[in-house]
Structure formats: structure tokens, C-alpha cells
Amino acid sequence: MAERITGHTELIGLMAYPIRHSSSPAMHNEAFAQLGLDYAYLAFEVDNSTLEDAVKGLRALKMVGSNVSMPNKTVVGQYLDELSPAAKMCGAVNTIVNDNGRLIGHITDGIGYMQSLKDNNIDVIGKKMTITGAGGAAKAIEVQAALDGVKEISIFNIKDKFWEAAEETVKTIRENTDCIVNLYDLDDKEKLKEEMADSYLFAQATGVGMKPLEGMSVVPDKSFFRPDLIVTDTIYSPRETVLLKMAKEAGCKTMNGLGMMLFQGDAAFYLWTGKHMPIDHMKEVLDIKYD
Ligand code: NAD
């Protein structure tokens, strides 16, 4: 790494707090090294109180761009010059691109999820999906799926503080796309079963299944699954949630969130460098294997 850095090396950041645990710096720097690209990716501890100054710094230092994570994703938009259609619809940004001084905000989580499906030969375009969740990950997936041409999306969430966000997601999808979208209470398990029954894909995008909710599942039992239903989870720690284990036992093709993580990074990488990550190599490094 030290040998690689010169006076020409360009900087890309990650602004979040906490952030020291992130695997993004290792992932991006490995891809730069593999492709011989003269960039360095560094994580910066930035929270809402220092975000505006950090964005000014990005401009002043003529950085190529930055990733943005919690707690800044829904806040950073006001400091940028332009937002992508998906970022506007999500009200969130995870990638900033510095286009000759003009800062453009993108959200690549949904792109990453949709690309991970494609990479695993799953084609949901023109079909129906059922998804649980209304937080950042779920909203990004729901918006991108609608923009990409998924025909129908049934969203389930519990009636917690995210319910209003789910209603907003439904509204923005209806206003901006032709996708048929409906919102249901996740506590209504009969409705969940009904919507899953004629879906091509079931996507789990809540925090249920990882700490502190590890060992729990949004789907109560195996009777909700049928062998030709594809089941995905945004969670990748643990690699196999209770939900995915149950779905696999019911004969479903399953996929965890590692592919989404890789491809959201690849989409940002492409926006900054005009090149894709060496995907096969990155899949080996991240130990991504499909069923
Ligand atoms: P968030 O905090 O924004 O949203 C949390 C969601 O979980 C909400 O929909 C909330 O209603 C739901 N929820 C919380 N407790 C619940 C319960 N007891 N029962 C039912 N629903 C409950 O979180 P987020 O950023 O959207 O992340 C959601 C999941 O997606 C996390 O597990 C996270 O690790 C994962 N994620 C994965 C990637 C990836 O690249 N694979 C990216 C982002 C997030």
C-alpha cells in the first residue's frame, strides 16, 4: 500500500460514525490494487455535527468522492448539488461523486441488491416480489426494484416508527413508477402467506435475524415457503439466518446479503472510476458462493 501512494494518488472517503469496523476500505483498496488504479479509500469518523465541514473538505481537497453511512445517509443531501432519481426517492445518499466540483449524491444499496440477483441468475423484472422492511436497506431495494421494472411489490412492516417511512415509500413509488405497490402489517401473518404464495421472490430486509434479534425470523414456519420461491436476506452476519435455513429446508433457492454488499460497493466504484471491480476476485476474497 505505502509503495502505491504517490503525489498523484486520488482520495475517496467514507464518512460515518462509528466506522472503524467497516469492511469497505479493505474491499475498495483491494480492487484498486488488483486493477492498478491510483486511488486510496480511507474511512473518516464523521457524524452529523461535522458532516457539513467534511463535505466542504471533500470539495476543497478535490476528492473523487465518498461513501456515506449512518448517521449521515439521510442528512448529507442538503450539502450536495444534485441527487440521483433513486437518492431523491429514498431521501438518502450512500455515495458522493465529485464531478469537477459539482457534488452528486447517489444511493447504490438498491442497485447492489438488484445486481446481486442478476449475478445469481435471478430475474425478477416484470414479476411480483414480497419484501419485509421499511428502513434504509428496504427502502433502497423497494425503490430500485420499482425503477428497474419489477411489476408488483408487497411490503410488510410492523407498526413501529418505520411505518410512516413505509407509507412514504409506497407514495413515491406510485408517483414515480408504474409498479403496483401495497403496504401491509407484518403482524398479519395470513396476509403475508397469501402475498408470498403468488410471489416469485421473497426479500427479507429488516434487522430480524441478526444481533440483537439473531435466531428470530419474520416468517413463522416452513409452510410459508414453496420450492420455487426464491428467498433472499439482506443480512450477511450470520451468513445463514434462521429464515434462510428454513427456506433452504423447504427447497427454496436462497441468497444472503453479501452479494448486495459487494455490488453496492461495485456500483459506487464504477461511479468514481468508470470501471467495475474485479468481481470474480472480490467474490473469492469475500467468500461469496451461491446455492
Ligand atoms: P433500519 O434500522 O433502517 O431498519 C430496521 C428495520 O427493521 C425496520 O423496517 C424495522 O421496522 C424493522 N424491525 C426492527 N425490529 C423489528 C422486529 N422486532 N420485528 C420486525 N421488524 C423489525 O436498518 P437498515 O439499515 O434498513 O438494515 C436492515 C437490515 O439490512 C440489517 O440487518 C442490515 O444489516 C442489513 N443491511 C444489509 C446491507 C447489505 O449490503 N447487505 C446493507 C444495509 C443493511
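**Gln 264 and the ligand pocket**

The side chains of Gln 264 and Asn 94 make a polar contact at 3.5 Å. The model is predicted.

Student: In which helix does Gln 264 lie?
Tutor: Look for the helix whose residue range takes in Gln 264. The range 258–273 does so, and that helix is α9.

Student: Is Gln 264 buried or exposed?
Tutor: Buried means under 20% relative accessible area, and exposed means over 50%. Gln 264 has 11% relative accessibility, so the residue counts as buried.

Student: Leaving aside neighbours within four places in sequence, which residues is Gln 264 in contact with?
Tutor: One of them is Asn 94, whose side chain also makes the polar contact with the side chain of Gln 264. With those sequence neighbours left aside, the full list is Met 27, Asn 94, Thr 108, Asp 109 and Gly 112.

Student: How far is the polar side-chain atom of Thr 234 from an oxygen atom of the ligand?
Tutor: Backbone atoms of other residues also pair with ligand oxygen: a polar one of Met 261 lies 3.4 Å from an oxygen atom of the ligand, and an N or O atom of Gly 135 lies 3.4 Å from one. For Thr 234 the atom belongs to the side chain, and the distance is 2.9 Å.

Student: How much of the ligand's exposed area does the protein bury?
Tutor: Start from the ligand taken alone, which exposes 850 Å². Of that area, the protein buries 73%.

Student: Which elements give two or more residues to the shell around the ligand?
Tutor: The ligand takes up the space of the largest pocket, and 22 residues surround the ligand. The elements that give two or more residues to this shell are α5 (136–148) and α9.

Technical notes:
Residues are numbered from 1 along each chain as its sequence is written. This is a predicted model: local features need pLDDT of at least 70, side-chain atom pairs count only at pLDDT 80 or more; totals for chains, interfaces and linings use all residues. Side-chain values use heavy atoms; hydrogens and water are left out. Helices (H or I, at least four residues) and strands (E, at least two) are DSSP runs, numbered from the N terminus. Buried means under 20% relative accessible area, exposed over 50%, partly exposed in between (1.4 Å probe, protein chains only). A polar contact is a pair of N or O atoms within 3.5 Å; within protein, one must be able to donate a hydrogen and the other to accept it, and residues adjacent in sequence count only if both atoms are side-chain atoms. Contact means heavy atoms within 4.5 Å. A residue is near a molecule or strand if one of its heavy atoms lies within 4 Å of it. Accessible areas come from the Shrake-Rupley method with a 1.4 Å probe; for residues, only the protein chains shown count as cover. On a 1 Å grid over the protein atoms alone, a cavity is a set of points where a 1.4 Å probe fits but cannot get out, and a pocket is an open set with protein on both sides within 12 Å along at least five of seven lines; lining residues have an atom within 4 Å of a point. A molecule sits in a cavity or pocket if more than half of its atoms lie within 2 Å of its grid points.
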